[in-house]
Amino acid sequence: MADRSRRRPPLGRWALRLVVVAYLGLLVAWPVGLVARNALDGGLANIRDILEEPDTVHALRLTAGVALTSVAINTVFGVGISLLLVRHRFPGRRLLSALVDLPLSVSPVVVGLALVLVYGGRDGWLGPTLEDLGLQVIFAPPGMVMATTFVALPLVVREVVPVLEEIGTEQEEAAHSLGAGAWATFRRITLPSIRWAVVYGVALSLARALGEFGAVKIVSGNVAGRTRTATLVVEEKYLNFDQGGAYATAFLLTLVAVACIAVVTLVRPDQSGGRSP
Amino acid sequence: MTAAALDGAGPATSARRPRHPGGLTPASGLGLGVALVWFSLLVLLPLAAVAATTAEGGWGGFWRAVTNEQTAAAIRLTVTQALLVTAVDVVMGTLVAWVLVRDSFPGKRLLELLIDIPFALPTIVAGLVLLSLYGPDGPLGVDVTNRRPAVFLALLFVTTPFVVRTVQPVLAELDPEAEEAAASLGAGRLTIFRRIVLPAITPAIAAGAALAFARGMGEYGSLVLLSGNLPFRTEVASVRILASIESDDLPAAASVATVLLVVSLAVIAAIDLLQRRMVRRG
């Protein structure tokens, strides 16, 4: 490596560095920094203001509740499906593996529409039956949890699967042959080795879940004080010319998102210059 | 994150696949059943409902919905901008990945953090973020709001990580011997990149590009504040879907959604193929 970099004229390397830094600076760093500045314009007043509005506080609480529920679901589902995909062979396994990725490339608006078509209370496929049973999904928290879970679904799976493939089955087989049951093997052998992958997956899912906007906008009905989430508050405030409030709410969301990403990027050991996929 | 869609992208992982994966035990069979029911209720059934609602209106209904002048303009704009953004992502993403893998300088980890921010940031906040620099009160004096560059900029922001994160691990795994041999035979740096490095990372670039294109086609949140959603000018496909939902025209919404869904499925299929190709190479 050192050898090669010495051969390359430093000028070219500096030019590349400069291009990359300028590109990311103009596209990401500077704009994100400005949001912090706009939010903190005039001290903490903007943030104090939004924390005194009952509707906004409700939205923040609701967002946290919905996000944590969907992250919990996705963690259990994600670890389970990863184990099934890596440790077992069954018909349709490859199809399932490809389909699990699907939510990554589906538009949030399509997600919202799809859920309304099935769970809508008026003429959804299952909605009217569920409402007769007393479960309202659309325009209520269950639908919001589903939308959020949908969009973040592949994130845990995609962190855990490569690690499971990497560690192989030797230790698990040894534990098994020593008489450990499936649950004990999972808890004592498998879980400790996929621990960090799960943490990264959870951090990414949390960021994605807290920030979901399009799908939630459709399924929630966006009623202030009831089904309006933090991201919807940002839009509402901006459109109502409350820029301070919009930036303050956005700033709070940004803080959490960046914290999640920092867990993934900075805590993870540097693997020869690249994060393992 | 998204790059992880290419599990097994690194040649090393495929070699270490467990040799004797088991069939299903009763417990894991039950687990699979539960997982499949949940996955069907959450993902498959709703997406099928989109296709079924479109089919109910027949081919004529579908065609009328997507060739409606305003909708067709929105779809055209979305495809054009998504393609443009993907092209920029391919070039800049590869460049960023190259610098992150082959170069080292203080603050490199900060760049790593920056690349993931667009992925983690709520999309509506991404819109606000871009407004603060490229909006009416931005310090640069550039105002893209309510113009087509707004669409381009928003898509570029949200798709930044995709190509970087798919190319980076493949580049890191690349054996330097071939490059060194070529260099010792007198090949220039550009030739080495074109003949040795580029062929090896092309599937990864293509996979990242596919993800970026899909994301661009469906993007909504980062655009709403920035583009003004002006019909025939800055309105994109997802905004049209939302407008149809709000005017209670679900069949029309489903028709446009079906177009987007076909793109998503094509992307997933393409990535699956590329993934197999990369594993074979390894």
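Which residues form one aromatic cluster with B:Trp59? They are B:Phe62 and B:Trp63, so the definition of a pair by its ring centres applies to rings on chain B here. Keep in mind as you look around that this is a predicted model. We'll come back to that cluster after a walk through the two chains.

Let's start with chain A. Its secondary structure amounts to 14 helices and zero strands, and reading along the sequence you get α-α-α-α-α-α-α-α-α-α-α-α-α-α. If you line the C-alpha trace of chain A up with its principal axes, the span is about 65 × 60 × 30 Å. Of the 277 residues in chain A, 55% are buried. As for how the chain contacts itself, take the contacts with a separation of 6 or more: 69% of them are between residues 24 or more positions apart.

Chain A is split into domain 1, covering 1-39, and domain 2, covering 47-267. Their centres, taken over C-alpha atoms, are separated by 32 Å. Five residues from domain 1 of chain A and four residues from domain 2 of chain A take part in the contact. What do the two domains of chain A bury between them? The figure is about 430 Å², with 81% of it on carbon and sulfur atoms. On the domain 1 side of chain A, the residues that lose the most area to domain 2 are A:Val35, A:Asn38 and A:Ala39, and together they account for 78% of what that side buries.

While you're in chain A, have a look at A:Trp14. The charged end of A:Arg17 sits over the ring of A:Trp14, and the distance to the ring centre is 4.5 Å.

Now over to chain B. Here the count is 12 helices and zero strands, which reads along the sequence as α-α-α-α-α-α-α-α-α-α-α-α. Taken along the principal axes, the box filled by the C-alpha atoms of chain B is roughly 65 × 65 × 30 Å. Buried residues account for 58% of the 282 residues in chain B. Among the contacts in chain B between residues at least 6 apart in sequence, 77% join residues at least 24 apart.

How confident is the predictor about chain B? Its mean pLDDT is 86, and 91% of the residues in chain B reach 70 or more. Broken down by element, helix H4 (residues 69-102) of chain B has the highest mean pLDDT at 94, while helix H1 (residues 11-15) of chain B has the lowest at 40. Across residues 1-19 of chain B the pLDDT is below 50, and this stretch has 55 contacts in the model beyond near neighbours in sequence.

The domain assignment of chain B gives domain 1 (26-56) and domain 2 (59-281). Between the C-alpha centres of these two domains of chain B lie 28 Å. The contact draws on five residues from domain 1 of chain B and eight residues from domain 2 of chain B. Between them, the two domains of chain B bury about 470 Å², 77% of it on carbon and sulfur atoms. In domain 1 of chain B, B:Val50, B:Thr53 and B:Thr54 lose the most area to domain 2, together 78% of what that side buries.

Back to the rings. Searching the whole structure turns up seven aromatic pairs over all chains. One of them joins B:Trp59 and B:Phe62, a tilted pair with 5.5 Å centre to centre and 35° between the planes. Both residues lie in helix H3 (residues 58-67) of chain B, three residues apart, about one turn of the helix. Is B:Trp59 buried or exposed? B:Trp59 is exposed, because its relative accessible area is 63%, whereas B:Phe62 counts as buried because its relative accessibility is 14%.

One last stop is B:Arg277, in helix H12 (residues 250-281) of chain B. B:Arg277 has a relative accessible area of 38%, so this residue is partly exposed. The C-alpha atoms of B:Arg277 and B:Pro203 are separated by 7.6 Å, with their positions 74 residues apart along the chain.

Key: Residues numbered from 1 in each chain as written. Chains lettered and ligands numbered in written order. Predicted model: local features only at pLDDT ≥ 70, side-chain atom pairs only at ≥ 80, totals over all residues. Heavy atoms only, no water. Phe/Tyr/Trp six-rings, centres within 6.5 Å; stacked < 30°, edge-to-face > 60°. Helix = DSSP H or I, 4+ residues; strand = E, 2+ residues; numbered from the N terminus. Buried < 20%, exposed > 50% of the residue type's maximum accessible area, 1.4 Å probe, protein only. Lys NZ or Arg CZ within 6 Å of the ring centre and 35° of its normal. pLDDT = per-residue confidence, 0-100. Contact = heavy atoms within 4.5 Å. Domains from an automatic or database assignment. Buried area = accessible area lost by both parts, 1.4 Å probe.
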